[in-house]
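Please open the structure in a viewer and keep the sequence at hand. The tour below proposes one selection after another and states what is found at each.

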Amino acid sequence: AFTLLCTTIAHATDFYVSPTGNDANNGTSQSTPWKTINRVNQATYGLQPGDRVLFLRGGTWRGELLLGSSGTAGQPITVGAYGTGAKPLIKGSEPVGGWSVHQGNIWRASLSADKVAQLYVNGSRMTMARYPNTGWLQNDQGSGSQLQSNDLNQPNGYWNGATCVLRSSNWSFDTMRVSSYSSGTLQFTSPVTYLANNPWGFYMRGKLSELDSPGEWYYDKAAQRLYLWPMNGGNPNSMTVEAAVYKNGVNCFWQRT
């Protein structure tokens, strides 16, 4: 007598993504590819060890690719490319168009986003509107959630709601929200661990009124509006303007392989 053992072997699957695909496809062949990152994200928790997600070379996708499943040391889940040509691009940004003149050299456009981390014009990174435009202000006295600087001479209340980018020690930077400002003193919404009276510098941002130089930009979340002073007095409608609105291009979840 003998016993016949039947085993099931799981075969890894390749999923294809193409700019000319269709999210209604099964995605499992080059002739039936998916189209968007959102469709890949819908399947992310169902990916199995050894599976591959392949993007068509020469294509560009915008969004945040989520990798939520885990493979094994011998069979990792892979993100790669298929076809020929340039490597596929996954961008954590969205294009911005429809610009109109706000005032002077400053343009504005509508943009719906929780946050704009960076702005790129024709591939070059612009500078978030700040004070001063270059360099650092001096921290003359600071402790807990308060900082005083003789370099701040704006009217009382000017910096309320703005952001202070502070080098709080020789090894750390803090981004602090200003709850109130008066006579050169900033009061933050929370304390800074290493503030003390260290001589490290800081600068201010988060004010449209500080957008005063070419190459600077500002995003008003409440109004869902983006402002830009293009370099060389150009028209941003004739430029490629991209706003980084996604936290990551590829987000591999904790302890995934």
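Which residue's side chain does a polar contact of 2.9 Å join to the side chain of Ser93? Select Ser93 and Arg62: their side chains are joined by that polar contact, a term for a pair of N or O atoms within 3.5 Å, where within protein one must be able to donate a hydrogen and the other to accept it, and where residues adjacent in sequence count only if both atoms are side-chain atoms.

This is a predicted model, in which local features need pLDDT of at least 70 and side-chain atom pairs count only at pLDDT 80 or more, while totals for chains, interfaces and linings use all residues. Residues are numbered from 1 along each chain as its sequence is written, and side-chain values use heavy atoms, with hydrogens and water left out.

**Confidence**

Colour the chain by pLDDT, the predictor's confidence in each residue, from 0 to 100. The protein chain has a mean pLDDT of 91, and 94% of its residues reach 70 or more. Now select residues 1–9, where pLDDT stays under 50 and the model has zero contacts (heavy atoms within 4.5 Å) beyond four places in sequence. Where pLDDT is low, the predicted coordinates should not be read in detail.

**The four-stranded sheet**

Return to Ser93, which is found in strand E7; strands are DSSP runs of E, at least two residues long, numbered from the N terminus. Ser93 is buried (under 20% relative accessible area, 1.4 Å probe, protein chains only), with a value of 7%. Among the residues that Ser93 touches are Glu242, Val245 and Tyr246.

Next, display the open sheet E7-E23-E10-E11, whose pairing is antiparallel; two strands pair if DSSP finds at least two bridges between them. Strands E7 (93–95) and E11 (124–125) each have a single partner strand, so one side of each is left without a neighbour in the sheet. Two bridges join E10 (residues 118–121) to E11, and Tyr120 stands opposite Arg125 in E11.

**The five-stranded sheet**

Now select the open sheet E8-E9-E22-E21-E12, which has mixed pairing. Its edges are strand E8 (100–103) and strand E12 (127–128). Four bridges join E21 (residues 216–220) to E22 (residues 225–228), which run antiparallel. Tyr218 has Tyr227 in E22 as its bridge partner.

Terms used:
Buried means under 20% relative accessible area, exposed over 50%, partly exposed in between (1.4 Å probe, protein chains only).
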